[in-house]
Amino acid sequence: MGNPAAAQEGDSPVSDEEVEETTIGGTLKTRDAEGEDVFVEGVTMIVRLSVASDSPNAGTEVGQAVTDAEGVWRVALPTDEFVITGNSNTPTAAFDVELVEATLPEEVPLRNEGRNVLEGIEVDINETKNTLFPLGEAVENTDNTIEAVQLFVDGIKLGLIIAMCSIGLSLIFGTTGLTNFAHGESVTFGAMIAFIVHMVYPGRIFGIPGTSSLIFAALVAVVISGLSGWAFNEFVWKRLRNKGASLISALVVSIGLSIFIRYIFLYQYGGRARFYRDYQIQEKIDFGVFSLAPKDIFIIVFSIFVLVCVGLALQKTRAGKAMRAVADNRDLAESSGIDVESVIKWVWITGSGLAGLGGVLFGMTESINWEMGFRLLLLMFAGVTLGGLGTAYGALFGSLLVGIFIQMITLPDWFPNDMKNVGALLALVLILLVRPQGLLGRSERIG
C-alpha cells in the first residue's frame with residue numbers, strides 16, 4: 001500500500017453533495033482443520049486519516065466498526081478530506097486501518113505478528129474499498145492433483161479472455177495485413193471506460209435506475225470501443241491504405257500510436273491500479289477438485305457464449321462470410337463484388353468492441369491500470385501466431401493453449417511464477433519451429 005500523494009496548492013476539495021457512498025471495510029475469516037471458512041465475529045476495527053497525509057487532521061479517528069456474525073465490517077468515510085491530486089481526475093484520500101488485537105479470539109492470531117495496522121490505504125470518492133488481514137496459520141495444499149486441476153481451470157479462464165481480445169487482432173491482420181501493436185490499448189480503453197461509467201457516475205445516469213452497475217458500464221465500454229475502432233480505421237488506417245503506405249510503414253505507425261495512447265492513459269488515469277466496485281470480494285464455490293468465485297464462473301460461461309456467437313456469425317451471416325472471404329483472398333473477394341472497405345470497417349468495429357469487452361473481463365479478474373493491455377499484447381500475439389495468423393478460430397484455439405500453458409507451467413516448484421509468460425513464449429517458439437504456419441494455419445508455397 002503506497003502512501004497517498006500530498007495535496008498540492010490548487011487541489012480541489014469535494015463537497016458531500018457530490019458523493020453517494022464512500023466506505024472502507026472487509027471480511028475477517030480463517031480456516032479450520034478441515035479447510036472450511038470460519039468467520040470471526042466481535043473484532044473491533046478503527047479507521048483513521050492516514051498519518052502519512054499532509055492533512056492537519058492526520059491521525060484523526062474517522063470511525064469504528066465491529067465484525068458481525070459473517071465477519072463483515074464497514075466504516076463510512078468523511079468526504080471533506082478527499083482532494084484531486086496529481087494527474088488523476090478522481091478525488092482521493094488515504095486512511096490507516098487498525099485491527100484491535102485484544103478483541104481477537106485467542107485461537108485466531110494474526111498470521112503476521114505486529115501487522116495489525118494497514119497504512120496509507122488510498123480510497124477514491126464513491127469507492128467501496130476492501131482490506132485484508134490474514135488470520136491463523138497458512139494452510140498449504142499438498143494435493144498436486146487438485147492444484148493441477150485448479151491451474152488448468154484458471155488457464156481456461158485466462159485463455160478465453162485472451163481469445164476475446166485477440167480475435168479482432170487476427171481478423172485485422174487477415175483482412176488488411178496489418179500487425180496492429182496498438183490493439184492492446186483497445187483492451188485498456190474498454191476497461192477504463194467501464195471503470196469511469198461504473199465508479200464516477202454512481203447510482204443513476206440520466207435518471208435511469210441501475211445504470212451504475214458494471215453490466216451497464218460494460219455495454220457502454222463495448223459500444224465506445226467499437227466506435228473508437230471505426231474512428232481509427234476511418235481517419236488513420238484507411239488514409240494510409242489509400243496513399244499506398246507499405247505494411248512496414250503501417251506497422252511503425254501502430255507502434256507509435258501504442259506508445260502515444262498508453263502514455264495518454266497514464267497522464268489522465270494515473271499510475272495506480274484501480275478496481276471495479278462490484279464483485280471485488282466473493283466467496284469461492286467449491287467444486288471438489290477446484291474452486292471458483294461466482295464472477296469467474298460468469299467470465300468463463302459468458303466468454304464461451306460470446307465466442308460461440310462470433311463463430312456462428314462468421315459461419316452463417318453474410319457479413320461473416322464476407323470477412324472470411326476477404327481474409328482468405330482479398331483480390332478474389334473484391335473481384336467477386338464484395339465491398340472490401342466496408343468489410344474492413346466492420347472488422348475494426350467488431351474487433352475493437354471485443355477487445356474492449358475483454359478488457360472489462362480482465363479488469364474483473366485482476367486490476368485496471370494504464371498498461372494492462374500492453375501486458376496482454378504479447379500473449380495475444382502468441383495466441384494468434386500459435387493458432388494461425390489471420391484465422392479467428394486459430395486465435396481462439398491458440399489463446400486457449402497459451403492461457404492453459406501459462407498457468408500450468410507454474411506447477412513445478414522449480415519454475416518461478418514471475419516467469420510464466422516467458423515460458424509461454426518459449427513454447428510458442430518451439431512449436432513454430434515444427435509448424436511455422438501455426439496449428440490451424442495453412443502452409444503456403446513461397447517462390
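User: In what order do the three strands of the open sheet come?

Analyst: In this predicted model, the three strands are arranged as β6-β1-β9, and their pairing is mixed. Because β6 (72–76) and β9 (128–131) each have a single partner strand, they stand at the edges, and one side of each is left without a neighbour in the sheet. Direction ignored, neighbouring strands of this sheet are turned by 25° against each other on average.

User: And in which sense do β1 and β6 pair?

Analyst: Strand β1, which covers residues 23–27, pairs with β6 in the antiparallel sense, and the pairing runs over five bridges. Among the residue pairs, Ile24 has Val75 of β6 as its bridge partner, while Thr27 stands opposite Val72 in β6.

User: Which side chains of β6 are buried, and which are not?

Analyst: The side chains alternate along β6, with Trp73 and Val75 pointing to one face, where they are buried, and Val72, Arg74 and Ala76 pointing to the other, where they are not. Such alternation between the two faces of the sheet is what a regular strand shows in general. Taken with the pairing, this means that the bridge partner of Ile24 is one of the buried residues of β6, whereas the residue opposite Thr27 is not buried.

User: Switching to helices: where does Ser225 sit, and is it buried or exposed?

Analyst: Ser225 lies in helix α3, which spans residues 214–242, and it counts as buried because its relative accessibility is 1%.

User: What is Ser225 in contact with, leaving aside its neighbours within four places in sequence?

Analyst: With those neighbours left aside, Ser225 is in contact with Ser186, Phe189 and Gly190, and also with Ser352, Gly353 and Gly356.

User: What about the surface, which residues form a nonpolar patch there?

Analyst: A nonpolar patch on the surface is formed by Leu426, Val429, Leu430, Leu433 and Val434, which together have about 540 Å² of accessible area. Val429 belongs to helix α11, residues 420–434, and since its relative accessibility is 45%, it counts as partly exposed.

User: Ok, last thing, the whole chain: how many helices and strands, and what share of residues is buried?

Analyst: The secondary structure comes to eleven helices and eleven strands, and buried residues make up 46% of the 447 residues in the chain. The chain exposes about 22500 Å², of which carbon and sulfur atoms supply 59%. As for contacts between residues at least 6 apart in sequence, 72% of them join residues at least 24 apart.

Definitions and conventions: Residues numbered from 1 in each chain as written. Predicted model: local features only at pLDDT ≥ 70, side-chain atom pairs only at ≥ 80, totals over all residues. Heavy atoms only, no water. Patch = residues over 30% accessible without salt bridge, like charges linked within 9 Å, V, L, I, M, F, W, Y side chains within 5 Å. Areas by Shrake-Rupley, 256 points an atom, 1.4 Å probe, with all protein chains shown as cover. Salt bridge = Lys/Arg side-chain N within 4 Å of Asp/Glu carboxyl O. Helix = DSSP H or I, 4+ residues; strand = E, 2+ residues; numbered from the N terminus. Buried < 20%, exposed > 50% of the residue type's maximum accessible area, 1.4 Å probe, protein only. Pairing = 2+ DSSP bridges. Axes fitted to C-alpha atoms, helices over the stretch in contact; angles between N-to-C directions. Contact = heavy atoms within 4.5 Å.
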